[in-house]
Every structure is written in structure tokens, then in C-alpha cells.
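Biologist: Please give me a close look at one part of this model, the largest pocket. Start with what lines it, then work through whatever belongs with it.

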Amino acid sequence: MKKIVFATNNYNKFNEIKYIFPKNIKLMSLKDLNFNEKIEESGNTLKDNAKIKSNYIYNKYSLSCFSDDSGLLIDHLNGEPGVYSSTYAGVPRNDLSNMIKVLEKLKNINNRIACFKTIISLNLDSKNLIFSGELLGSISNSIRGNNGFGYDPIFIPKGYNQTLGELSLSIKNKISHRALAIKKLINFLNIL
Ligand code: IMP
């Protein structure tokens with residue numbers, strides 16, 4: 001049976017993918033490999049960071065591997081916070097401070113267009129493939145709702161009036177950048 005490693009330390013993400021993963025491929029976690037190192041995400045783009053993680057595991061274990069990296073890109077801020085989304089307001093990561101920083105930067109700004117983006121890098125045998133997903137929307141004027149994580153309470157998906165913090169998780173999981181990128185990856189693996 002073919003084996004593929006999902007290089008993530010986030011077990012919510014791992015379990016979410018495991019549920020929909022093709023049953024003829026064994027999905028392995030970093031825990032299954034007893035891998036405890038921290039991979040430095042030193043890239044300047046989401047794609048670079050996703051590749052760094054999947055390449056590292058592929059080169060170390062000679063096992064096919066994929067990893068993901070996501071971020072919020074704001075039009076008026078030329079794509080910020082982008083690859084720096086998780087620590088935009090400083091280290092350690094603080095979702096509330098990050099949202100406050102964004103709202104401050106967009107104070108009195110009419111252009112509030114933004115998108116979430118996910119990049120998945122897959123190292124399959126000797127090939128590297130990229131899958132991406134985007135969720136278009138806009139930044140609200142205030143923090144609204146408690147659902148989700150990260151910037152969800154200030155992000156209004158296109159076609160909705162509520163933020164992702166107000167919308168249910170089942171709606172988010174149908175339309176999200178991550179869901180779209182994962183769907184593309186699964187479709188690809190299903191036709192192998
Ligand atoms: P990660 O690559 O999935 O860990 O995402 C990096 C950072 O981007 C997170 O720490 C969040 O700040 C932001 N982010 C990514 N995806 C989402 C999302 O679905 N909702 C809200 N924030 C997100």
C-alpha cells in the first residue's frame with residue numbers, strides 16, 4: 001500500500017484530511033515517524049514554506065509527503081500579512097492582536113478586499129506538485145463572532161453578510177481556501 005505523510009503539527013488538520021483521504025493510500029502523521037524537530041518556515045511566500053516542509057520530510061525519510069501553508073492577503077496592504085499572518089502583531093502568535101493590527105491599518109480605508117489562500121506542496125516519488133485554494137471576501141469594520149480561529153471574526157466571505165466568526169463551521173468547511181486546496185489534492189490522488 002502506498003504511504004503519504006502529511007507534514008503538520010496541527011492534529012485538527014490531520015484528522016480532517018484523514019476522514020476524506022483515499023482509502024487505498026496510508027496517510028501517516030509526523031508522530032507516526034517519531035518526528036519531533038521544528039522545521040524552520042523561513043520562506044518569503046506561502047509556496048516556499050509549504051515546499052520547505054514537504055521537501056524536508058521527503059528528503060529525510062524518502063516517503064511521499066505533502067504540507068500546507070495558508071495566510072490572509074489584504075489588497076490595500078499589498079498582500080500583507082500573507083506569509084506572516086500567524087505572527088503579524090508579533091511573537092508569540094496572538095489572534096486578537098493580529099486582528100486589531102489589521103483593523104487599525106484599514107481604519108477609514110474603503111478598499112477592504114481580501115482573500116485567504118492555501119498552498120499545498122506534494123512531493124510524490126520524484127515529482128513536486130502544487131495545489132491551491134482561495135476564499136475571496138472583505139475585512140469587516142469590527143471583530144464579530146467567536147467561531148473558527150485566526151482572522152475569521154474579521155473576514156466576510158464574498159456573497160455573505162456575516163464574518164467567518166459568525167458563520168457555522170460547516171459552512172466554512174464547504175467554502176474555505178483550505179477545503180478547496182484539499183479537494184484538489186484528493187481528486188489528484190484519487191486518479192493515480
Ligand atoms: P496555517 O498555515 O494554516 O497555520 O495558517 C497561518 C496563519 O494564517 C494562521 O495562524 C492564521 O493567522 C491565518 N489563517 C490561515 N487560515 C485561516 C483561516 O481559515 N481562518 C483564519 N485565519 C487563518
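Modeller: By class, the lining of the largest pocket has 18 polar, 14 charged and eleven nonpolar residues. Keep in mind that this is a predicted model. In total, 43 residues line the largest pocket. Nearest its centre lie N10, K13, S86, R93 and F149. The space in the largest pocket comes to about 1,300 Å³.

Now place that lining on the fold. Six elements each supply at least two of its residues: α1 (11–20), α2 (46–61), β3, α3 (95–105), α4 (169–175) and α5. Among them, β3 has the largest share, with five residues.

Next, the ligand. The space taken by the ligand is the largest pocket. The elements that give two or more residues to the shell around the ligand are β3, spanning 64–74, and α5, spanning 177–190. β3 gives the most, three residues. So what does β3 do in this part of the model? For the lining of the largest pocket, β3 provides the largest share. For the shell around the ligand, β3 again gives the most.

The shell itself holds 15 residues. The closest to the ligand are K13, S70, D152, K172 and R178. By class, the shell has six charged, six polar and three nonpolar residues. K13 turns up twice: it is one of the residues nearest the centre of the largest pocket, and it is among the closest to the ligand.

Look at the atoms next. K13 puts a polar side-chain atom 2.9 Å from an oxygen atom of the ligand. K172 does likewise, with a polar side-chain atom 2.8 Å from a ligand oxygen atom. D152 faces a nitrogen atom of the ligand instead, and its polar side-chain atom lies 2.6 Å away. How much of the ligand does the protein bury? Taken alone, the ligand exposes 480 Å², and the protein buries 90% of that.

There is also a second largest pocket, with about 230 Å³ of space. Its lining is made of E16, I17, Y19, I20, N173, K174, A179, I182, K183 and I186. The elements that give two or more residues to this lining are α1, α4 and α5. Those three elements also each supply at least two residues of the lining of the largest pocket. By class, the second lining has six nonpolar, three charged and one polar residue. Set that beside the largest pocket, where eleven residues are nonpolar, 18 polar and 14 charged.

Last, some backbone details to check on your screen. Start in the loop between β3 and α3. P81 is found there. A cis peptide bond joins E80 and P81, with omega about -5°. P92 lies in the loop between β3 and α3 as well. V91 and P92 are joined by a cis peptide bond, with omega about 0°. Then move on to the loop between α3 and β4 (113–124), the place of N108. What is the sign of phi at N108, positive or negative? Phi of N108 is near 65°, a positive value in a residue other than glycine.

Definitions and conventions. Residues are numbered from 1 along each chain as its sequence is written. This is a predicted model: local features need pLDDT of at least 70, side-chain atom pairs count only at pLDDT 80 or more; totals for chains, interfaces and linings use all residues. Side-chain values use heavy atoms; hydrogens and water are left out. A residue is near a molecule or strand if one of its heavy atoms lies within 4 Å of it. A polar contact is a pair of N or O atoms within 3.5 Å; within protein, one must be able to donate a hydrogen and the other to accept it, and residues adjacent in sequence count only if both atoms are side-chain atoms. Accessible areas come from the Shrake-Rupley method with a 1.4 Å probe; for residues, only the protein chains shown count as cover. On a 1 Å grid over the protein atoms alone, a cavity is a set of points where a 1.4 Å probe fits but cannot get out, and a pocket is an open set with protein on both sides within 12 Å along at least five of seven lines; lining residues have an atom within 4 Å of a point. A molecule sits in a cavity or pocket if more than half of its atoms lie within 2 Å of its grid points. Helices (H or I, at least four residues) and strands (E, at least two) are DSSP runs, numbered from the N terminus. Ala, Val, Leu, Ile, Met, Phe, Trp, Tyr, Cys and Pro count as nonpolar, Asp, Glu, Lys and Arg as charged, and the others, Gly among them, as polar. Grid points are joined across faces, edges and corners, and a volume is the space filled by probe spheres set on the points.
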